[in-house]
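These are my notes from an afternoon spent looking things up in one model. I set down what I searched for and what came back, entry by entry.

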Amino acid sequence: MVKRGDKRAATIPLETVIFIVLNLIVFLLLLVFVRNSANGALVYEQAYSKQIALFIDEAKPEMSLMINMEKALEIAKDKNPEDIVKIDETGNRVIVSLGSSGGYSYQYFTNYAVEKNFNGIYLFLKIKEKSNGVTNAAV
Amino acid sequence: MLLFKNKKGGEKVLSIWWFFVLVFIFAGIIGGVLLYYSTDVDIRDLEADVLSEKILSCFNYNFEISGEANFNIYEKCGLNKELFSSESIFYFSIDIKDEAGNSILKQGKISGGKVSFEGDCKAVSSNEQIRARNYPKCVPKTEKIWFIQNGIVKQGEIEILAASNQAGKKLAVI
């Protein structure tokens, strides 16, 4: 005759369930973080934003810049390339985002209009004089 | 003993404690990974160098002494004036001298940005033993330039001090 087990042992207490769920959440968060870090997104976001800001600072009006973004596209393969680099002309900022959220922002000090577009693995930047009649006061 | 009389309660307390231990371990791993991967790429000295080159090239052959008061450095050099306010992260100062070494600027040095950077630059450059990580990176330069005086192009010397203390920002949400 098969001996039946204790009925009480079959039910898992609520606190144990909560404990396991909490552990799983923390463990998942850790995995996501390590995965994001290990693909270099944090480092490349910073490197690309600083590089692009420096290029814009060095450029003169009517210049075209071509930047190889192969590594960035490889890291952010699920993203639309147009969303990887943002040029905020009001704040004079270059924002590069390679992860699912957030990004890295770096300021450039020149007062030019910047047009950007992606073509394959290259980011093209066209530097232009601001045409909205912005004039600065004399020193 | 009264403290361990209720074994079930004791297990609960132990579980929560174990959970906190896990959180501490994970926090340690996250801290380690962050330290390793978020090493700062410092380009402040490059940025200051670019700023000084930009100023140098726009002054050369363009600067007219008689029009000193009307010389709009921000417009001529393509700089954004809003980024060179007194609370800025950038700074520049310019002095132009004639061949005899006398300053030709009637209104004194031309400068923009955070004025205190000039003192910081001097403090760091005067003593090589000073290691100030959060001080601005400075690039002093002295170059020959051509300026215009009474319609005649003359040679002189320009002294530029450019500084940057930009740290960049990690944004949580764009």
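**Entry 1: salt bridges**

I began by searching the whole structure for salt bridges, and the search returned 11 of them over all chains. I keep in mind that this is a predicted model. The reason for looking is a general one: side chains of opposite charge can pair when their charged atoms come close.

I first looked up Arg44(B), whose side chain meets that of Asp42(B) in a salt bridge at 3.0 Å, N to O. Are these two partners buried or exposed? Arg44(B) has a relative accessible area of 9%, and because the cut-off for buried is under 20%, Arg44(B) counts as buried. Asp42(B) comes out at 38%, so I noted Asp42(B) as partly exposed.

Next I took Glu159(B) and Lys97(B), whose side chains also form a salt bridge, with an N to O distance of 3.0 Å. This pair links distant parts of the chain, since Glu159(B) sits in strand β4 (residues 152-164) of chain B and Lys97(B) in strand β1 (residues 90-97) of chain B, 62 residues apart. Glu159(B) is partly exposed at 29% relative accessibility, while Lys97(B), at 18%, counts as buried.

I then recorded the salt bridge between the side chains of Lys109(B) and Glu118(B), at 3.5 Å, N to O. Lys109(B) is partly exposed, with a relative accessibility of 47%, and Glu118(B) is buried, with a relative accessible area of 16%. I also wrote down that Asp49(B), Glu53(B) and Lys141(B) are joined into one network by salt bridges that share partners.

**Entry 2: helix α4 of chain B**

Glu118(B) led me to helix α4 (residues 116-126) of chain B, where the buried residues are Phe117(B), Glu118(B), Asp120(B) and Cys121(B). Seen down the axis of α4(B), these buried residues fall within an arc of 165°, and therefore they line one face of the helix. That fits the general rule that an α-helix has 3.6 residues a turn, so residues three or four places apart point the same way. On the other side of α4(B) I found Lys122(B) and Ser126(B) exposed. What do the buried residues of α4(B) pack against? They pack against β1, β3 (137-149) and β4 of chain B.

**Entry 3: helix α2 of chain B and the loop before it**

I checked the length of α2(B): its 16 residues reach 23 Å from the first C-alpha to the last, close to the 22 Å expected at 1.5 Å a residue. Its buried residues include Arg44(B), Glu47(B), Lys54(B) and Phe59(B). After α2(B) comes Tyr61(B), whose phi is positive, near 70°.

I then turned to Asp40(B), which lies in the loop between α1 (7-37) and α2 (44-59) of chain B. Asp40(B) has a relative accessible area of 43% and is partly exposed. Leaving aside its neighbours within four places in sequence, I found Asp40(B) in contact with Gln46(A), Lys50(A) and Tyr104(A). I also noted that Asp40(B) and Ala167(B), 127 residues apart in sequence, are 8.7 Å apart in space, C-alpha to C-alpha.

**Entry 4: helix α2 of chain A and its surface**

In chain A, I made the same kind of length check on α2(A): its 25 residues should span 36 Å at 1.5 Å a residue, and its end C-alpha atoms are 36 Å apart, which agrees. The buried residues I listed in α2(A) are Phe19(A), Asn23(A), Val26(A), Leu30(A) and Ser37(A). Val21(A), in this helix (residues 14-38), is partly exposed, with a relative accessible area of 39%. Val21(A) also belongs to a nonpolar surface patch of about 730 Å², which includes Ile12(A), Leu14(A), Ile25(A) and Leu29(A) among its members. Just after α2(A), Gly40(A) takes a positive phi of about 85°.

**Entry 5: chain A as a whole**

I closed with totals for chain A, which has 5 helices and 6 strands, running α-α-α-β-α-α-β-β-β-β-β from the N terminus on. Buried residues make up 38% of its 139 residues. Of the contacts in chain A with a separation of 6 or more, residues 24 or more positions apart account for 54%. Chain A exposes about 8200 Å², of which carbon and sulfur atoms supply 59%.

Notes. Residues are numbered from 1 along each chain as its sequence is written. Chains are lettered from A and ligands numbered from 1 in the order in which they are written. This is a predicted model: local features need pLDDT of at least 70, side-chain atom pairs count only at pLDDT 80 or more; totals for chains, interfaces and linings use all residues. Side-chain values use heavy atoms; hydrogens and water are left out. Helices (H or I, at least four residues) and strands (E, at least two) are DSSP runs, numbered from the N terminus. Buried means under 20% relative accessible area, exposed over 50%, partly exposed in between (1.4 Å probe, protein chains only). Contact means heavy atoms within 4.5 Å. Patches are made of residues with over 30% relative accessible area and no salt bridge: like charges are joined within 9 Å, nonpolar side chains (Val, Leu, Ile, Met, Phe, Trp, Tyr) within 5 Å. Accessible areas come from the Shrake-Rupley method with a 1.4 Å probe; for residues, only the protein chains shown count as cover. A salt bridge is a side-chain nitrogen of Lys or Arg within 4 Å of a carboxyl oxygen of Asp or Glu. The expected span of a helix is 1.5 Å times one less than its number of residues. The arc is that of the directions from the helix axis to the C-beta atoms.
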